[in-house]
Amino acid sequence: MIKLTHNGRPFDARKFAADIEAKAIELGMQALEEKARGAAASIVDPETGSHANVFVDRLSGNRVAIRTTGSPAFARLLEKRLGVDPGDVQVMNAADGAKHPKIYLAHASEDKDRVRPVAEYLMANGVDVWFDEWEIEPGDSLRQKMEEGLGAMTHFVVVLTETSITKPWVAKEIDVGLVQQVGGKSRFVPLVVDLDPAKLSPYLQAMLFLKIDPASEADLKGLVDRLHGVSRKPPLGDAPRYVQKAPSGLEGWSPAAIAIGKHIVETSANATAVDPIVTLADLPAALGIAADDLRIGLLDLKDAGYLREMNISGHYAPQPALFVDFDEAFMPFSPSEDARTLANRMVTGEERAVDTRQLAETLGWEPRRMNSAICYLERAGAINARHAPASAPWRAVQLVRTDETLRFARSHG
């Protein structure tokens, strides 16, 4: 008799299948997280001009939540880049369309007389405060009420005094506040009152805290401004005339990434897989851009799936997505319009599979234009392309129409 084992134990078919399913789900979740982070890392927030933080959190039911500290405009660009529905990327502190920040005010009970005026001032200035003596009635579950306050907050505010830093209960509340911040659910705001910051824990010392005097209206107003998100930056002026705006369809890319993409599509002979190969060594001279800016631009394009790094370090080749988006902005033809023309020609023809060269000759297109349209249809999942090692200058030797081709033609006709 042959006994089957798996990982040193008797073979169990159901457990083996469950292990495979769990492994497949784990790999799928990792791929989704990498795609979200890669796409986010390549986008410049149009409202701030910098890269925003993005949190990818796993939820029950094999789902993820994507949250960002960026602007709503950044969130919409990220959704477009990921191909998800509007609203799927949550802007931190903008959930539920709340007009007022909601804070949980943690403090030591011995400090209540000093903290109460702070809570009252915040309430009078549009900040919804969870303050225990206002929320908990006789007979209420203390734990349940505190969990309700912690769950609804946009900011966790803790008053740090000589007394509160010694209280185990306040320490537990701080732990919850930090977990909420790491998960992207709220912001952590420490307030230092009559306390030498050297007495704080090393972790809290490393955070940006506010030293306030509860009796100072100027200090309280500064706290209100911070909770409402009032910027301390001076007003943003107009950009110099010589600074070019991103072309339509390329919003969210850095100037260096746009310059690299423009260079690639304008120097590509036929828009094939390694046409052209660009190098970090050659780009500074070709584009007149600092090497460090080019490094970030290349990284942005690579993380978003627009470039792939070759086996030789510092060498990059274009991906189909780059030709689709950057051809639309910089070439004399439109990949989106050509894709519609190509799909309509295929679904009205008699043959299911057509020769790429013959179809291009019928349309009067050179390989460069034909290949760009093929990139568009492949990216949209609206065509099957048959490739061959000797297919140059074409991306594919044959194009095969599918039901997706028909749906694309009818949707975009």
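Tyr306 has a relative accessibility of 2% in this predicted model. Buried means under 20% relative accessible area, so Tyr306 counts as buried. The ring partner to look at here is Trp253, which is also buried, with a relative accessible area of 5%. The ring centres of Trp253 and Tyr306 are 5.0 Å apart and the planes stand at 70°, so this pair is edge-to-face. Trp253 belongs to the loop between helix H8 (217–227) and helix H9 (255–267), while Tyr306 belongs to the loop between helix H11 (291–303) and S12, so the contact ties together parts that are 53 residues apart in sequence. Trp253 has a further neighbour: the charged end of Arg81 sits over the ring of Trp253, 4.1 Å from its centre.

The loop that holds Tyr306 lies between helix H11 and S12, and strand S12 covers residues 307–309. S12 pairs with S13 in the antiparallel sense, over three bridges. One of the residue pairs to find on screen is Arg308 with its bridge partner in S13, Ala317. S12 and S13 make a hairpin with five residues between the strands, and in this hairpin Gly314 takes a positive phi near 85°. S13 (residues 315–318) is also joined to strand S11 (residues 278–279), by two bridges, and these two strands run antiparallel. Here Thr279 stands opposite His315 in S13.

Another part of the model is built on parallel pairing. Five strands form an open sheet in the order S7-S6-S8-S9-S10. Its edge strands are S7 and strand S10 (210–211), each of which pairs on one side only. Within the sheet, strand S8 (residues 155–160) and strand S9 (residues 187–192) pair in the parallel sense over six bridges. His155 has Arg187 as its bridge partner in S9. As background, strands of a sheet pair through backbone hydrogen bonds, either parallel or antiparallel.

Aromatic side chains also link strands of this sheet. A search of the whole structure finds nine aromatic pairs. In one of them, the rings of Tyr104 and Trp130 have centres 4.8 Å apart and planes at 10°, so the pair is stacked. Tyr104 lies in strand S6 (residues 102–106) and Trp130 in strand S7 (residues 128–130), so the stacked pair ties together parts that are 26 residues apart in sequence. Tyr104 is buried, at 0% relative accessibility. Trp130, which lies in S7, is at 10% relative accessibility and likewise counts as buried. Tyr104 and Trp130 belong to one aromatic cluster with Phe156 and Phe188. Phe156 falls within the residue range of S8, and Phe188 within that of S9.

What remains is the space enclosed by the protein. A search of the whole structure finds one cavity of 30 Å³ or more. The space in the largest cavity comes to about 50 Å³. Its lining is made up of Arg114, Val115, Val118, Val159, Thr161, Val193, Ile212 and Pro214. By class, six of the lining residues are nonpolar, one is polar and one is charged. Arg counts as charged, so Arg114 is the charged residue of this lining. Helix H3 (residues 112–124) gives the largest share of the lining, three residues. Val159, another lining residue, falls within the residue range of S8.

Conventions: Residues are numbered from 1 along each chain as its sequence is written. This is a predicted model: local features need pLDDT of at least 70, side-chain atom pairs count only at pLDDT 80 or more; totals for chains, interfaces and linings use all residues. Side-chain values use heavy atoms; hydrogens and water are left out. Two strands pair if DSSP finds at least two bridges between them. Helices (H or I, at least four residues) and strands (E, at least two) are DSSP runs, numbered from the N terminus. On a 1 Å grid over the protein atoms alone, a cavity is a set of points where a 1.4 Å probe fits but cannot get out, and a pocket is an open set with protein on both sides within 12 Å along at least five of seven lines; lining residues have an atom within 4 Å of a point. Grid points are joined across faces, edges and corners, and a volume is the space filled by probe spheres set on the points. Rings of Phe, Tyr and Trp (its six-membered ring) pair if their centres lie within 6.5 Å; planes under 30 degrees apart count as stacked, over 60 as edge-to-face and the rest as tilted. Buried means under 20% relative accessible area, exposed over 50%, partly exposed in between (1.4 Å probe, protein chains only). A charge sits over a ring if NZ of Lys or CZ of Arg is within 6 Å of the ring centre and within 35 degrees of the ring normal.
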